Amino acid sequence: MRRFWIIAILAVAALIFAEVKNPDTIITVTIGEPDTLDPHFAYDTASGEVLNQIYECLLEYVGDSVIQMAPRLATAVPSLENGLIKDDGKTYVFPIRKGVKFHNGAELTPEDVEYSFERGLLFDPAGGPMWMLWEAMFEVYSLDEFVEKIVGKPLSEILDPATKEPLPEYRDALIKVYTDYIDPAIEVDGDNVVFKLSRPFGPFLSILCGYSTWSMILNKQWAIEQGCWDGKPDTWWKHWDLPKEESPLYAKAMGTGPFKLVEWDRTQMRVTLERFNDHWRGPAKIKKVIIWTIEEWSTRRAMLEKGDADFAAVPAQYLPQVENMPGVVITKGLPIISVTSLHFNWNVKPDSKYIGSGKLDGNGIPPDFFSDEHVRRAFAYVINYDAVIKDVLRGLGSRVPADLPSSLLGYDPNLPMFEFSIAKAAEEFKKAWNGEVWKKGFKLTLLYNTGNEARRTVAEMIKTYVEMINPKFKIEVRGEQWPTYLTSYKQGYLPAFIIGWLADYPDPHNFIQTYYHSAGTYGFAQGENFKKFVSTPTPELNGKSCNELIEQAAIETDPNVRAEIYRKVQQFAINHVLGVALYEPQSLNVRRSWVKGWYYNPMMPGAADYYKLWKEE
C-alpha cells in the first residue's frame, strides 16, 4: 500500500512538473530594449521585434524564404506578369485589402497607406531607415538632400531652428516640394495605391516587404490625433527630423497587427502586448506577449530553467549551460544575413565624453584620431578573429573579408582578410600621426551594448592587446544600454563602435551602401572626413569615388557587372580600413519545448512570429 502511494505521488509530481506555465502567454527575455515605437524612426532589432506584432506591411515573406513574397495588406504582389509593375519598372500598383481593422476599430483605407509612406518620407529622422525609400523613389538619401536638389538649398538651412518655420522666401517652394513631387509619387487610385519611382530600382519590393518597420501602415486619423503631420502641404516641415523622444509615436503604437500595445514599461524595460481579436486573419492563439529586457545572463537562465520564460536570449558562450536543460529546445546554426563589424568615427563630436582631453597628449584623442589610416589598421590587427568565433561564438559564425554576407551577390572569399598580429599592430601605431601616437600615447573609451557578451569580449580583447603594445595606450571598456549606445553612435559621440547589420532586404546594396557610402546608416555616423574620402574620385577606382561606384551598382541590371562593382568596393574598403568585419554570425533559438508553431526567417527580428505560436506539452 505504501508503495502504491509513493508511485501515485511521483506520478502527480511528474504531471505538475510537465504542466505548461502561463499557457496563454509567451514571455521572451532578451538583451535589448526597444529604441522607439515610431516605425519611421525605429532601426534596430529590439524595436522591430515589438513593432512587427503591432503593425503590418503591404507584403510578407513566405515561411523561411527571403525571396518568395505573398500579399499582406495588399491583395497581390506586383509583377510584370500581373500588370502591376508598369513603365519599365518605374510604376508599382498595390491593390489594398478591404475589411482590415485597426486596433481602434477603424477600417484600413488606401489613404492610410498613402499617408503612412508620405509621413515617413517627410519625417525622415537623421540616422533612421527612411533613406531606403528616398533612394528607391527619388535617387537621393534624405529629405534634406531632396530639398536641396529641388530648391537649391538644403532644408536644414531653410528652416529657423527655433520656430521650425521656413524663411519667407522659401515657403512656397517647400509647399511645392510636397505638392509637385512627393504627393504625386504616391497616389490613391480607387482601391489601389500607386508608387511612381524616378527610375527602376530592383530591390523596391523587398524594401516594402516583411518585417520592414519603415513600410508599416499607420491609421492616418489616429496618427494626426497623436500629433503627427496633419497631411497638409504647408505644415510638413514642422515634423521633419524630430528628436527621438519628441516623436508623437515614440511610446505609442496602434496598427492592424495581431497584437495591441498594452504597455511599454521603460523602468522595468518590459513591453506587454495583448491579442487583437478582430485581426483580419483571425485572432492569435496566444492571448498575451511579454518582451522583457533582462541584461543579466544568470537571471535569464534562471527564468528559462524554471519555465518563467518561453524564449531566452543566450549568448553563444553560455550555450553549454542550457544544452542539457530539461524542457528546453535549442535550434543552432540558423543562417543570418548579417555582419558584425568594428567601425571608426573619423570626426568625433568635440564634446564627446569618450575621447578624454580631446587632444593627442596621452590623456585623450583628437576628434579626428581615426582619420589616420595607420590607426585604423592597427586596431584591425589586434583582434583575434578565430578565437572570437571559436570561444565566444562557440563556432556559430565565420569570417568574411568585408561587410558583405557570404550569401549575397558580390561576395568573394578570395579577398584579403586582416590577421591577428601584435607585431603588425605595433608597426602601424608607430607610423600613426607621424609617430606622435607612439610617442605621446592616447586614451579613449570603447563602448559595447550591455548584455551582448560577444561585443563585450571583442572590446576587452582590443583593450588587452592595445595596452600590451605600449603602456602609454589606454582604453576603457564600458557597457551602455542599447538605446543609449544607439543614440551615442548616431549622434557621433563614439570614437569607434562595434555594431551588427541585419539585412533590411536581401540585396548586397543594403550592406555595401550602409557601411561604405557616406549617406549610409553607418557611413553617415563616421564623420565628415569619412564622407570626403569616399566621395572623392580616385585613380584607384578608375576616376570614380566609392560613393559613385555604390550608386552605379544599385541600378545595374546585369548581375555579373554588379558583382564586379561590389568586389571593387570591398577591395577599396579593405585597402583603406573603412571598417573591420569581425564575423558573419549564425543564430540560435532557445525556447521551452511547450512552445509550438515556431519557425525561422533570416529577415525576422527577435525570437519569433508570435501570431503563429501556441503552448502545449
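In the predicted model, Ile85 of strand 4 has Tyr92 of strand 5 as its bridge partner. Two bridges join these strands, which run antiparallel. Together they form a hairpin with four residues between them. Asp87, in the turn, has a positive phi of about 55°.

Strand 5 (residues 91–95) is mostly covered, with five of its five residues buried. Thr91, Val93 and Pro95 point one way from the strand, and Tyr92 and Phe94 point the other way. Strand 5 also pairs with strand 7, antiparallel, through five bridges. Here Thr91 stands opposite Lys196.

Strand 7 (residues 192–196) is joined in turn to strand 6 by four bridges, again antiparallel. Ile186 faces Phe195 across this pairing. The resulting open sheet has four strands in the order 4-5-7-6. Strand 4 (85–86) and strand 6 (186–189) stand at the edges with a single partner strand each, so one side of each lacks a neighbour in the sheet. Helix 3 (residues 110–123) lies across strand 6 and strand 7. The helix runs at about 175° to strand 6.

Phe195 also belongs to the largest nonpolar core, which holds 200 residues. Phe195, Leu58, Trp236, Phe379 and Phe442 touch the most other members. Beyond four places in sequence, the contacts of Trp236 include Leu122, Leu143, Val147 and Trp229.

Confidence is reported as pLDDT, which averages 94 over the protein chain. Of the residues, 97% score at least 70. Residues 1–17 stay under 50. For this segment the model has one contact beyond four places in sequence. Where pLDDT is low, predicted coordinates should not be read in detail.

Key: Residues are numbered from 1 along each chain as its sequence is written. This is a predicted model: local features need pLDDT of at least 70, side-chain atom pairs count only at pLDDT 80 or more; totals for chains, interfaces and linings use all residues. Side-chain values use heavy atoms; hydrogens and water are left out. pLDDT is the predictor's confidence in each residue, from 0 to 100. Contact means heavy atoms within 4.5 Å. A nonpolar core is a set of buried Ala, Val, Leu, Ile, Met, Phe, Trp, Tyr and Cys residues joined through side-chain atoms within 4.5 Å. Buried means under 20% relative accessible area, exposed over 50%, partly exposed in between (1.4 Å probe, protein chains only). Two strands pair if DSSP finds at least two bridges between them. Axes are lines fitted to C-alpha atoms, for helices over the stretch in contact, and angles run from 0 to 180 degrees between N-to-C directions.
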